[in-house]
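Visitor: I would like to learn how to read a model of this kind, feature by feature. Please give the general idea each time, then the case at hand.

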Amino acid sequence: MDTISPVTQLHQEASAPRLQITSAKTLAESSNLTSIPSHYAFTTPTSGDQAVHADHDDSIPVIDFSLLSSSNPDQRSKAVSDLAKACQDWGIFMLINHGVPQSQMKATVDALMGFFDLTEEEKNKFLGKHVLDPIIYGTSFKASIDKVLLWRDFLKMMVHPKFHCPPKPEGLSEALAEYTGELRKLARELLKGISESLGLGPGYIDKAMNMDSSLQILAANLYPPCPQPELAMGLPSHSDYGLLTILMQNDIGGLQVNHGGKWVKVDPIPNAFVVNTADQLEIMSNGKYKSVLHRAVLNNKTTRISIPFSIGPSPNTVVVPAEQLVDGKHNQATYISMNYKDYLEFKQSRVLNKGLCPNQVKI
C-alpha cells in the first residue's frame with residue numbers, strides 16, 4: 001500500500017516523451033538485459049543511502065499474538081503493553097503465533113505468483129485508472145505519468161466490504177477469499193489491543209472507525225531481479241494510508257523501515273507477519289502512534305513478492321483524534337478531520353508524496 005515520497009531528484013523531465021511501458025517482470029526476463037533502461041534510473045544511486053541491521057539492544061519488536069489473545073489476564077496485559085511500546089517506538093513489529101496456517105500463506109503466495117505469470121494481455125484487462133477501482137494491475141506507481149519508473153509490478157484488490165478478485169488463474173479467488181477472511185479477524189483483534197493500549201478500551205477503534213464496513217485492500221508487489229539494484233528502486237519512502245498494514249512476503253529481504261533517522265533492514269522471520277502503523281491510526285491517536293515510513297529495495301538475484309493487507313475505516317468515516325487523547329493544554333487536537341474515502345483519493349492523486357496529506361498535518 002503506497003503513497004510515495006521522493007528519494008532523490010528524478011532522472012527524467014516531465015516534458016520528456018514517454019517510452020513504451022512494459023512490466024518489470026517482462027524486462028527482467030529479457031535475455032539481453034544487462035543494465036536498466038534509463039527511465040528506471042535515479043540520478044543519485046540508492047546505494048548512497050545504505051540501510052543497517054537493527055541494533056541488538058534496539059531491535060524490531062516481536063509481538064506474540066497468542067499472548068495478546070490469551071484468556072490469562074496477566075499475559076494479555078503484558079502483550080498490550082508490548083504492543084503499545086512497539087507502536088510508539090517503532091511503528092512496526094513482527095507478529096508471530098498468529099494462527100494463520102503456513103499452508104494457507106503459501107497457497108496465497110503461489111496463487112498471486114500465478115497471476116503475474118499470466119500473459120500481459122490477460123493482466124492488462126485490469127489496468128486501473130482510478131484509485132478506487134476494485135481491481136488494479138500495473139507497473140511502477142502511476143506508470144503513465146511517473147517521471148522515473150519503479151522496478152515493480154503490482155495487483156490491488158478491494159476485498160471488503162465487497163470481495164473483488166481477477167478470475168484467473170484458477171484457484172486465485174478461493175485462495176484470497178480464505179486468506180483475507182483470516183487476516184480480517186486477525187486485524188480486528190490487533191486493533192482491539194491497540195485501542196486498549198491507548199487507554200480507550202478494546203472496542204473504541206472498532207466502533208469509531210465503523211469496522212463492520214471497513215475498507216480493506218489486498219495488494220501484491222512483485223520485484224523481479226534487477227541488473228542494477230543500486231540505481232533503481234522498488235518503492236521509495238512512503239507511509240500507508242489505512243489504520244494498519246499486515247504484510248506477508250517470501251523469504252527474500254528488501255523491506256526497510258525508517259527508525260531514528262536511519263534506514264533499518266527488516267529481515268524476514270519465517271511464517272511471521274510484518275505489521276506497521278498507518279496514517280489513520282496516527283490521526284486517531286492524535287500523533288501518539290506515528291505512521292511509519294518504509295521502502296522496498298531491490299536485488300539482482302531473486303524475485304521478491306510482498307503481499308500487504310491494508311485495513312482502514314469505512315469509506316465514509318470521518319477520522320478525528322479520539323476525545324480521550326485530546327485536552328486543552330498538553331495534547332491539543334493536531335489533525336484536521338477528513339472523510340477516509342476523500343483522504344484516500346487525495347493522497348493517491350499525488351505522484352510523489354510523503355506521510356500524511358497537507359490538510360492532515362498539525363494545525
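Visitor: How many helices and strands are there in the chain?

Guide: Helices (H or I, at least four residues) and strands (E, at least two) are DSSP runs, numbered from the N terminus. The chain has nine helices and 15 strands. This is a predicted model, in which local features need pLDDT of at least 70 and side-chain atom pairs count only at pLDDT 80 or more, while totals for chains, interfaces and linings use all residues. Residues are numbered from 1 along each chain as its sequence is written, and side-chain values use heavy atoms, with hydrogens and water left out.

Visitor: What percentage of the residues count as buried?

Guide: Buried means under 20% relative accessible area, exposed over 50%, and partly exposed in between (1.4 Å probe, protein chains only). Of the 363 residues, 53% count as buried.

Visitor: Which strands make up the open sheet, and in what order?

Guide: Two strands pair if DSSP finds at least two bridges between them. The open sheet has eight strands in the order 2-3-11-8-13-6-5-4, with mixed pairing. Strand 2 (62-64) and strand 4 (135-139) stand at the edges with a single partner strand each, so one side of each has no neighbour in the sheet. On average, neighbouring strands of this sheet are turned by 25° against each other, direction ignored. For such angles, axes are lines fitted to C-alpha atoms, for helices over the stretch in contact, and angles run from 0 to 180 degrees between N-to-C directions.

Visitor: How many bridges join strand 6 to strand 13?

Guide: Six bridges join strand 6 (residues 216-223) to strand 13 (residues 304-311), and the two run antiparallel. Tyrosine 223 stands opposite arginine 304 in strand 13.

Visitor: Which strands does helix 3 touch, and which does helix 4 touch?

Guide: Contact means heavy atoms within 4.5 Å. Helix 3 (residues 73-89) packs on the sheet against strand 2, strand 3 (92-96) and strand 11 (273-277), and its direction makes about 145° with that of strand 3. Helix 4 (residues 102-116) also packs on the sheet, touching strand 4, strand 5 (153-160), strand 6, strand 8 (244-249), strand 11 and strand 13. The direction of helix 4 makes about 110° with that of strand 13.

Visitor: How many aromatic pairs are there?

Guide: A pair of aromatic rings is described by the distance of the centres and the angle of the planes. Rings of Phe, Tyr and Trp (its six-membered ring) pair if their centres lie within 6.5 Å; planes under 30 degrees apart count as stacked, over 60 as edge-to-face and the rest as tilted. The count by this rule is three. Tyrosine 40 and tryptophan 151 form an edge-to-face pair, at 5.2 Å centre to centre and 70° between the planes. This pair links distant parts of the chain, 111 residues apart: tyrosine 40 is in the loop between helix 1 (24-28) and strand 2, and tryptophan 151 in the loop between strand 4 and strand 5.

Visitor: Is tyrosine 40 buried or exposed?

Guide: Tyrosine 40 is buried, at 1% relative accessible area, and tryptophan 151 is buried at 0%.

Visitor: Where do phenylalanine 115 and tyrosine 137 lie?

Guide: The ring centres of phenylalanine 115 and tyrosine 137 are 5.8 Å apart with the planes at 70°, so this pair is edge-to-face. Phenylalanine 115 lies in helix 4 and tyrosine 137 in strand 4, so the pair ties together parts 22 residues apart in sequence. Ring pairs link Phe115, Phe116 and Tyr137 into a cluster.
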